[in-house]
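Visitor: I would like to learn how to read helix packing and burial in a model. Could you take me through it step by step?

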Amino acid sequence: MSAFDANPFADPVDVNPFQDPSVTQLTNANRGGLNEYNPFSASSQMMNAAQTIPATQPTGPSQPAVLQPSVEPTPQSVASAAQAELLQQQEELERKAAELDRKERELQNSAAGFIPRQDNWPPLPKGCPIKPCFYQDFSVDIPADYRRTCKMLYYLWMFHSVTLLLNLLACLACFTVDSSHGLDFGLSILWFALFTPCAFLCWYRPIYKAFKSDSSFSFFVYFFVFFCQIAVYIIQMIGIPDIGTSGWISALSETGKNPAVAIIMMVVAAFFTICAVLALFLLKQVHSLYRRTGASFQRAQEEFSQGILSNRNVQTATAGAASAAAQSAFRGN
């Protein structure tokens, strides 16, 4: 009942848990041990040495420590790498320049005539006293884009020569039947002897040189002469009497007199017709190639003037005329 007699409103008694006898006894004991402990005493060091746990040694053979290199390149290494690359590029450029210089010297030597080329046209036997007059090689002189057209013009010239020879034979046949056609036979010999080399020199060689060296002047010479050649083909195809050609009119006029001679003359007239058609076709084809080469009339004038000024004969004649004029003027004074 004493518990019920206590005053519930009285101040409670302060209870300190750290004043418990068991707690205070343990605390005082630990404090004393800490005060007596000296880590730098000899006995403490021996105790620590005895209690130290040795480190685990590796079972395998010992490896030396390797320092890992730095990942970032140093400025010196960057500069040396850049210098080495520049030296390599310079050596490559010097090698290419030497190769270009060598090729240029070869071209200059070839152009200057240090590598002479023997003339091979016309292809005559070695024992023949007449030697070839021209050099002709399509694979060497003519570019691949113009080679086919140039060969076709060469074949046209050969067909042109064969046609003139057949015309001579047709006129000879007509002359043997009728002696009044002696003029035609004589003129046919003249046309064959004159037009065969003239066609080669006046329109085939200029177009060969034009394709070879891209010469505007040679192009214009070819166009002018070849246009006249087409006009001559048309006249020969028509066959006006007494001009030395076996055209359609002359062939048809011989039909009632001698059919065999008329057939020969018709064959020749057909050959002249083929020549005219092929010439028109090749003229158009050469003109299309000419427009792609960049040639012009101004360039042709410049090439003509340079060719005249560089000609030794012209230079000699000009110098002689100038000296004669100067002497006459001096004597007149």
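Guide: What follows is a short walk through a pair of helices, a single helix and the residue after it. This is a predicted model, in which local features need pLDDT of at least 70, side-chain atom pairs count only at pLDDT 80 or more, and totals for chains, interfaces and linings use all residues. Residues are numbered from 1 along each chain as its sequence is written, and side-chain values use heavy atoms, with hydrogens and water left out.

Visitor: At what angle do helix H6 and helix H10 pack?

Guide: Angles run from 0 to 180 degrees between N-to-C directions, with axes fitted to C-alpha atoms over the stretch in contact, and those over 145 count as roughly antiparallel. H6 (residues 144-177) and H10 (residues 259-293) pack at about 160 degrees, with their axes 9 Å apart, and they are therefore roughly antiparallel. The residues of this contact divide into 25 nonpolar, six polar and one charged.

Visitor: Which residues of H8 are buried?

Guide: Buried means under 20% relative accessible area, with a 1.4 Å probe and protein chains only. The buried residues of H8 include Phe219, Tyr222, Phe223, Phe226, Ile230 and Tyr233. An α-helix has 3.6 residues a turn, so residues three or four places apart point the same way.

Visitor: What lies just after H8?

Guide: Gly239 follows H8 there and takes a positive phi of about 80 degrees. The backbone oxygen of Gly239 lies 2.9 Å from a polar atom of the side chain of Ser250. Ser250 belongs to helix H9 (residues 248-253) and is buried, with a relative accessible area of 9%.

Key
Helices (H or I, at least four residues) and strands (E, at least two) are DSSP runs, numbered from the N terminus. Angles under 35 degrees count as roughly parallel, over 145 as roughly antiparallel, 65 to 115 as roughly perpendicular and the rest as oblique. Ala, Val, Leu, Ile, Met, Phe, Trp, Tyr, Cys and Pro count as nonpolar, Asp, Glu, Lys and Arg as charged, and the others, Gly among them, as polar. Buried means under 20% relative accessible area, exposed over 50%, partly exposed in between (1.4 Å probe, protein chains only). A polar contact is a pair of N or O atoms within 3.5 Å; within protein, one must be able to donate a hydrogen and the other to accept it, and residues adjacent in sequence count only if both atoms are side-chain atoms.
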